[in-house]
Amino acid sequence: MSKVKYYYDSETLSYKKIERRKGRRLGIIALSIVGSFLAGFILLVIYLNIPQIETPKEKALKRELKNMKLQYGLLNKKMDQIQDVLANIEDRDNNIYRLYFEANPIPEEQRKAGFGGVNRYKNLEGFDNSKLIVETTKRMDILTKQIVVQSKSLDEIAKLAKAKEKLLSAIPAIQPVKNEDLSRIASGYGWRTDPFTKVRKFHYGMDFTAPRRTPVYATGDGRVIRADNRSTGYGNHIRIDHGFGYTTLYGHLYKYNVRRGQKVKRGDIIGFVGSTGRSEGPHLHYEVFKDDKRINPINFYYGNLSPEEFDKVLEKAQQENQSLD
């Protein structure tokens, strides 16, 4: 029950009941509402303009976020530097290394290929800095893939280099008799006069005249496949299989310094000059085979002759004189 209020009337000297007016009541209510809104608006303005008080945890998180942005920036700069270095390596790989070892260059689309299909970065989306994180992660993934491709390429180059080194060691590349031990180069590869029949016939090797027992050297790495006198005309002779289709023959030897099946290195002494078999005097008959075909040995002395010495050997080898076997 609402309280009834009275006021004292001095004219009638009595108390009278206070009657409330409806309009006034509504005005008071409206004024209260307006006042509340006004007070709320003032408080909101004050709240927005006064610096907010942060908790220690909020401050730590802000510092962590700022540091994260800084680290991502530094990471992107490092990736720029790595990308430049990798691009230089890729260029040398395609245009120098692979070219030298006769390997096909790696296509650009294979080196730069991205990642298609399913969105790999969905779990990184929906955050304030998602774009930065996603782009950096994409760059890191692509860079990692490029490094893997280049690493495999360099492994292949290493294998090719090893094979090339083996090939270069195997190819006959020196004279089988040293220059200081030579009396002369008696005959070269080509048409020559047979010393016994005096008939012109093709001479398939080179004859090096030297004193009996002069050392004979292996002209390349390989394995001795023959060391006997069971081949017509050659007398005591040695054959070395160098691999890669190359074989060399050393004929008319005085004696052997190796046996069948033995592995030899370029420069090893394999025997000594003699005059066994069909021979007119002490000398070494030397032949080079490539894929079972005889080829001119003159092209295989670059390993121990100067240009001037080679010119002299070439001049003597081209003279159509009489062979010694």
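Which helices do the buried residues of α2 pack against? Let me come to that question by way of the helix itself, and let me say at the outset that what we have in front of us is a predicted model.

Helix α2 covers residues 56–100, which makes 45 residues, and from its first C-alpha to its last it reaches 64 Å, close to the 66 Å expected at 1.5 Å a residue. If you follow the helix along, please pause at D93, where α2 bends by about 40°. D93 is also one of the buried residues of this helix, and the others are N76, M79, L86, E90, N94 and R98. That brings me back to the opening question, and the answer is that the buried residues of α2 pack against α3, at residues 108–111, and against α4, at residues 130–170. After the helix comes E102, and its phi is positive, near 55°.

Let me now turn to the strands, beginning with β9, which runs over residues 237–243. Is this strand enclosed or open to the outside? Five of its seven residues are buried, so β9 is largely enclosed by the rest of the structure.

It also has a partner on either hand that I would like to describe. Strand β8, residues 222–228, runs antiparallel to β9 and is joined to it by five bridges, and among the residues concerned, D228 has H237 in β9 as its bridge partner. Strand β10, residues 246–251, pairs with β9 in the antiparallel sense as well, again over five bridges, and here I238 finds its bridge partner in Y250 of β10. Between β9 and β10 there are two residues, and the two strands form a hairpin; in its turn you will find F244, with a positive phi of about 60°.

The last part I want to show is an open sheet of three strands, in the order β7-β13-β11, with antiparallel pairing. Its edge strands are β7, at 215–217, and β11, at 253–256, each of which pairs on one side only. From one strand to the next, the twist averages 35°. Looking more carefully at one pairing in this sheet, we see that β7 and strand β13, residues 269–273, are antiparallel and share three bridges, with V216 standing opposite G271 in β13.

Conventions
Residues numbered from 1 in each chain as written. Predicted model: local features only at pLDDT ≥ 70, side-chain atom pairs only at ≥ 80, totals over all residues. Heavy atoms only, no water. Helix = DSSP H or I, 4+ residues; strand = E, 2+ residues; numbered from the N terminus. Expected span 1.5 Å × (residues − 1). Bend = angle between axes of the 7 residues up to and from the residue. Buried < 20%, exposed > 50% of the residue type's maximum accessible area, 1.4 Å probe, protein only. Contact = heavy atoms within 4.5 Å. Pairing = 2+ DSSP bridges. Axes fitted to C-alpha atoms, helices over the stretch in contact; angles between N-to-C directions.
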